[in-house]
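Okay, thanks for making room for me on the agenda. I'd like to walk you through a structure, so let me put it up on the screen.

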Protein chains: 2
Amino acid sequence: MKITLKDVANAAGMSVTTVSRALNGFDDVAEITRDHIMHTASELGYAPNLNARRLKTQRADAFGLIVPNEDLRFSDPFFSELLSGIIDQISEYGLELNITTPTEKEQYEEIYLKYIRSRRVDGFILLRTVENDPRIALLQKHNFPFVCFGRSGDASDISFVDEDGETGIRQMIDHLVSLGHTRIGCLAEPRTLIKSRQRVQGYLDGLQAHGLPIDESLIVEGRFRQKSGQESTERLLNHVDPPTAIVAVNDLLAIGAMSAAQERGLVVGKDISITGFDGIPLSEYVTPALTTLHIPAHEMGQQLCKNLVQVMNSNGQERPKTVVQPKLIVRNSTGSAE
Amino acid sequence: MKITLKDVANAAGMSVTTVSRALNGFDDVAEITRDHIMHTASELGYAPNLNARRLKTQRADAFGLIVPNEDLRFSDPFFSELLSGIIDQISEYGLELNITTPTEKEQYEEIYLKYIRSRRVDGFILLRTVENDPRIALLQKHNFPFVCFGRSGDASDISFVDEDGETGIRQMIDHLVSLGHTRIGCLAEPRTLIKSRQRVQGYLDGLQAHGLPIDESLIVEGRFRQKSGQESTERLLNHVDPPTAIVAVNDLLAIGAMSAAQERGLVVGKDISITGFDGIPLSEYVTPALTTLHIPAHEMGQQLCKNLVQVMNSNGQERPKTVVQPKLIVRNSTGSAE
DNA sequence: TATTGACTCCGAAACGTTTCGGGTTATACT
DNA sequence: AGTATAACCCGAAACGTTTCGGAGTCAATA
């Protein structure tokens, strides 16, 4: 049933070696025999046994993506878009993507080790980098190719794809200030995440650039999603001197914030301005439509693969870095103060 | 650098055979030597080379998920949840998930063939089944294990996981009728999809059960997402005798519909009622919150894996079928007619 | 004529497992 | 004492590729 190289060789009256070389495009086989071999191969429905090939070549032709076993994960539409880009590009290259998540009892580190040792993949895409990321340390120690989504502060010379969240949020502050807002709150994610930290930094820089005072009590650190945005916003609205605008570091938080404000009878875009980050498709369809910073998740996913391939092909010599600029999209969730 | 079975055997002073059998839990190795072997193995940081194992055992210990190269895909939050369930369960089993998407030039069928022949995976999870699904025919012909998300009308005895969309929508109609609605529109997906067809059937049955007339012009078939929901809704609202309630077959369509209605100055939940299907997280946070039918995407993803494992373990003898009931969640996007 | 080199082709080893078919002890039973 | 049995262990083959090193032709060159 299963067609092997040997079967093709027999059928074509050639040796296994020649068939292999013909099929793999080596130039030491005559055009006519190559045609003949190709023909009988497809006639028989031959496809190479990848496990044999991988054993022999010591390459898996696959990338690994180990998804943190935490909150967010898949339910973030942004992540979905990113994943979609990764998969498109990987399929384009003819590679495979191997997605896992640590089970309850598994240590985060040991799963990476297992993957490396068992030769399952030959490169990793790292998500959600944190300061002093142990995964980066581990992979560097084993000299294993990887690329990060989001740069890492400490390990500077690694390959990554990231957006310029700092500049993005600064633009957003500019936008709000130009609308007359001077008291601006911020909904942050856990500050261990580098991405979150960058965006909060943009917030601080933005205020400073406009000579506005920094009030720590207007920065609320929560989790990632709507519920958290809702809760944090309630806290901000209960403030003795509540903000007239709220900058959320992602769209889901912003949507939660809108929902909290509307719960109180506030009209978003008029009584209060709320902004997001990421530009997920839904941001356009909530009411009012959300002013946000759009980043091209799909393209970034593709870029992750491209960078990783480059790292691997150069044997770790090259470590391409990609930074994209968020694009401010003004919609109806922001309006002039008062 | 790379530790093989031989290295462990040498270090432990045992044969390769014994080391292999010890590590794989065979009972013809003495407890004491097993302990010794396990110890030296973990000492050396041994992990089996999966490609060698796979070559020998002829199993990949991996499932394939080939994502259609179309519209929807990842950006649907529902799909993300489903995927998350699949991955969790697969990781739990210690298996791998291999996600791909056909590239531009690839035929849909040939990519399945390639996967089967190259021994990459030993089972498939099929998404978005259609009537007379060629993939099902192909896999059955090759006697290859698979499980479908959504049943298939024609091929009855296959393993699947599905929700009872028909009953779900019928409940929704009950709800709307109890609010006094008699003119109810429907936003459908392309009717080639079995899921979509089921839901529309529920709509028709529901109307009929209440003795309401069926007006084909109130059924708009569009694509999958918000934009489509928006456009279709505009058409419905331009109807000479527009509906007072709109049943969308998924939440994204419903959100698009809300946005279109609000654009016209209508108050959703008062001037018009709009309902969704899926119960994605966001449905709770749009304004007004969406009345919808919730289905447990994550659990269904897990169930897909469980069913597939069962199919494989029984050598295709068993073909477990799972149907879950959607749960009606009434929120503020529906209200009494007039 | 002998030599060279280009062009084709092939045998055999190797990648790291699993597993079949035994083999060697030591103990238990006649 | 001899033999059967259990408990433990191992050699070698096999899975299906890739690739190293060579080997045979044939035409062109010296």
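One bit of vocabulary before we start: when I say a residue is near a DNA strand, I mean that one of its heavy atoms lies within 4 Å of that strand. And keep in mind that this is a predicted model.

So let's begin at the DNA. Which residues come nearest to strand C? There are 25 residues around DNA strand C, and the nearest are A:Thr17, A:Thr18, A:Thr33, B:Leu5 and B:Ser20. You'll notice that both protein chains appear in that list. If you sort the residues of this surface by class, you get 9 nonpolar, 11 polar and 5 charged.

What part of the DNA does the protein face here? Taking the atoms of DNA strand C within 4 Å of the protein, 59% are sugar or phosphate atoms, and the rest belong to bases. Let me give you an example from the phosphates: a backbone N or O atom of A:Ala30 is 3.0 Å from a phosphate oxygen of strand C. On the base side, A:Lys56 has a polar side-chain atom 3.0 Å from a base nitrogen of strand C. From the other chain, a polar side-chain atom of B:Thr17 sits 3.1 Å from a base oxygen of strand C. As for the elements that give two or more residues to this surface, they are helix H2 (16-23) and helix H4 (50-57) of chain A, plus helix H2 (16-23) and helix H4 (50-57) of chain B.

Now over to DNA strand D. Here we have 25 residues around the strand, and A:Leu5, A:Ser20, B:Thr17, B:Thr18 and B:Thr33 come nearest. The class count reads 9 nonpolar, 11 polar and 5 charged. Of the strand D atoms within 4 Å of the protein, 63% belong to sugar or phosphate, with bases making up the rest.

For individual contacts on strand D, look at A:Ser20: an N or O atom in its side chain is 2.7 Å from a phosphate oxygen. A:Tyr46 has a side-chain N or O atom 3.1 Å from a sugar or linking oxygen of strand D. And B:Ala30 places a backbone N or O atom 2.9 Å from a phosphate oxygen of that strand. H2 and H4 of chain A, along with H2 and H4 of chain B, each supply at least two residues to the surface near strand D.

How are the two protein chains related? Chain A superposes on chain B by a rotation of 180 degrees with 0.0 Å of shift along the axis, and the RMSD is 0.0 Å. The two copies are thus related as by a two-fold rotation axis. On top of that, 100% of the interface residues of chain A are also interface residues in chain B, so the copies meet through the same surface.

Let's move along the chain to a sheet. In chain A, 4 strands make an open, parallel sheet in the order S7-S6-S8-S9. Strand S7 (219-221) and strand S9 (273-275) are the edges, each pairing on one side only. Neighbouring strands are turned by 15 degrees on average, ignoring direction. Strand S8 (residues 245-248) pairs with S9 in chain A over 3 bridges, in the parallel sense, and A:Ile246 stands opposite A:Ile274 there.

What lies across this sheet? Helix H8 (residues 165-178) of chain A lies across strand S6 (184-188), S8 and S9, at about 165 degrees to S8. Helix H9 (residues 194-209) of chain A crosses S6 and S7, running at about 170 degrees to S6.

For chain B, I'll show you a couple of other helices. Helix H10 (residues 226-237) of chain B lies across strand S6 (184-188), S7 and S8, at about 150 degrees to S6. Helix H11 (residues 251-263) of chain B packs on the sheet too, touching S6, S8 and S9, and makes about 160 degrees with S9.

Last thing, a few backbone details. A cis peptide bond joins A:Thr287 and A:Pro288, with omega about -10 degrees. A:Pro288 is in the loop between S9 and strand S10 (292-294) of chain A. In chain B, the bond between B:Thr287 and B:Pro288 is cis, with omega about -5 degrees. Finally, B:Asn143 has a positive phi, near 55 degrees, though it isn't a glycine; you'll find B:Asn143 in the loop between helix H7 (134-141) and strand S4 (146-149) of chain B.

Conventions:
Residues numbered from 1 in each chain as written. Chains lettered and ligands numbered in written order. Predicted model: local features only at pLDDT ≥ 70, side-chain atom pairs only at ≥ 80, totals over all residues. Heavy atoms only, no water. Pairing = 2+ DSSP bridges. Axes fitted to C-alpha atoms, helices over the stretch in contact; angles between N-to-C directions. Contact = heavy atoms within 4.5 Å. Polar contact = N/O pair within 3.5 Å; in protein donor to acceptor, adjacent residues only side chain to side chain. Nonpolar A, V, L, I, M, F, W, Y, C, P; charged D, E, K, R; others polar. Least-squares fit on C-alpha atoms with pLDDT ≥ 70 in both.
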